[in-house]
Every structure is written in C-alpha cells, then in structure tokens.
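Biologist: I would like a close look at a single part of this model. Please take one strand and walk me through its surroundings.

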Amino acid sequence: MGSVAMENNAMLNAGRTLKEALVNAHADGRVTVGVYECAKIMNDDPDSVAFCVLATDDAFQCDVALQIHFTLIQAFCFDNDISIVRVSDTQRLAEIVGDKSGDLEDAHCVLITNPAEGSWEDPALEKLHLFCEESCRLNDWVPEITLPER
C-alpha cells in the first residue's frame with residue numbers, strides 16, 4: 001500500500017473516530033457549538049475542554065473575522081494542550097452535533113468537554129488525542145480530518 005493510500009485510510013479512520021467521539025459527547029451533553037460559545041468556555045474553564053474541532057466551508061476564505069477567531073482558538077489550544085483538528089464540511093459537522101437537518105447557525109467551532117469526575121474515558125477521544133500527537137510529530141499542527149458520510 002502506498003503512502004498516499006495509507007494516509008487516506010488513516011484520515012478516514014480518524015473521521016469515523018471523530019464522529020464517534022462527537023456522538024458520544026453529544027449524548028452526554030458535553031458538546032458546545034459556536035465560535036463565541038466555545039471561546040467563552042475556553043476563557044472561563046479551559047481545563048474542562050477535552051477536544052476542539054474547527055470547521056471550514058466555502059465562505060471561510062472570505063470571512064476575515066472567522067479566520068482571526070480560528071487563529072486565536074488554535075493558539076489557545078496549543079497553549080493549553082488541547083487537541084485540535086479541522087474538518088472541511090461545516091454542514092456535516094452540524095448534522096452530527098445538531099439536529100437531522102444540520103440546522104445550526106455556527107458549527108464552525110465545536111468543543112468536547114471532559115466527562116464528569118469518576119466517569120469512564122471515551123476510547124474514541126483517546127484515539128483522537130493519539131492521532132493529534134502523531135500529526136504534531138509530523139509537523140501537521142492542526143490536522144484535517146474528513147468526516148464520514150451518514
């Protein structure tokens with residue numbers, strides 16, 4: 001298997017794992033959606049944040065304010081050892097963490113917070129942390145993950 005095929009397979013597996021982690025966290029009420037809502041949690045209680053997902057879409061290239069927010073969120077995550085990834089499908093992310101229509105106004109940033117004290121760890125989240133650590137070793141500081149279809 002070539003390196004490109006292995007890389008695509010790793011991204012697909014990471015996408016499935018990200019979806020699983022988001023679904024688990026959503027079911028537990030540990031998902032925050034929206035740039036401003038996420039920034040508030042990061043500011044108020046950064047230790048509660050387990051994982052960050054930034055989602056881009058076609059409008060992202062034209063939205064300078066959103067690009068600035070992303071830069072600040074990324075810097076905050078690096079400074080606080082919070083794993084972070086990007087996805088390029090805001091609508092698909094909204095479908096996973098929102099309702100079936102994907103009707104969320106701002107799914108550009110999604111946080112997964114830590115489970116309550118004494119709760120078991122989410123294996124999907126652990127896999128994502130390892131994926132991010134490996135990506136950083138390869139100088140891919142904010143890896144992009146492809147979310148699977150339904």
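What follows is a tour of one strand, its partners and the helices around it.

Biologist: Which strands pair with strand β2, and in which sense? And is β2 buried or exposed?

Modeller: A caution comes before the tour: this is a predicted model. Strand β2 covers residues 49-55. Seven of its seven residues are buried, so the strand is largely enclosed by the rest of the structure. For that statement, buried means under 20% relative accessible area.

Now the partners. Strand β4, residues 109-113, pairs with β2 in the antiparallel sense, over five bridges. Strand β3, residues 83-87, is joined to β2 by five bridges as well, but these two strands run parallel.

Leucine 54 is a good place to see both pairings. In β4, leucine 54 faces cysteine 109. In β3, leucine 54 stands opposite arginine 86. The link between β2 and β3 is a β-α-β crossover: the chain leaves β2, passes through helix α3 (residues 64-79) and enters β3. That crossover is right-handed.

Two other residues of β2 also register against β3. Cysteine 52 stands opposite isoleucine 84. Alanine 55 has valine 87 as its bridge partner.

Step back to the sheet. It is open, has five strands and shows mixed pairing. The order is β1-β4-β2-β3-β5. Strands β1 (31-33) and β5 (144-145) form the edges, and each pairs on one side only.

Two helices pack on this sheet. Helix α4, residues 90-97, touches β1, β2, β3 and β4. The direction of α4 makes about 140° with that of β2. Helix α5, residues 123-137, touches β2, β3, β4 and β5. For α5, the angle to the direction of β2 is about 65°. Strand β2 is thus among the strands touched by α4 and among those touched by α5.

The neighbour β3 deserves a look too. Five of its five residues are buried, so β3 is largely enclosed by the rest of the structure. Both of its faces are covered. On one side sit Ser83, Val85 and Val87; on the other sit Ile84 and Arg86, and all of these are buried. Beyond β3 comes β5 in the sheet order. Two bridges join β3 to β5, and the two strands run parallel. Arginine 86 takes part here, with glutamate 144 of β5 as its bridge partner. Arginine 86 also stands opposite leucine 54, which brings the tour back to β2.

Conventions: Residues numbered from 1 in each chain as written. Predicted model: local features only at pLDDT ≥ 70, side-chain atom pairs only at ≥ 80, totals over all residues. Heavy atoms only, no water. Buried < 20%, exposed > 50% of the residue type's maximum accessible area, 1.4 Å probe, protein only. Helix = DSSP H or I, 4+ residues; strand = E, 2+ residues; numbered from the N terminus. Pairing = 2+ DSSP bridges. Right-handed = clockwise from strand over helix to strand, strands pointing away. Contact = heavy atoms within 4.5 Å. Axes fitted to C-alpha atoms, helices over the stretch in contact; angles between N-to-C directions.
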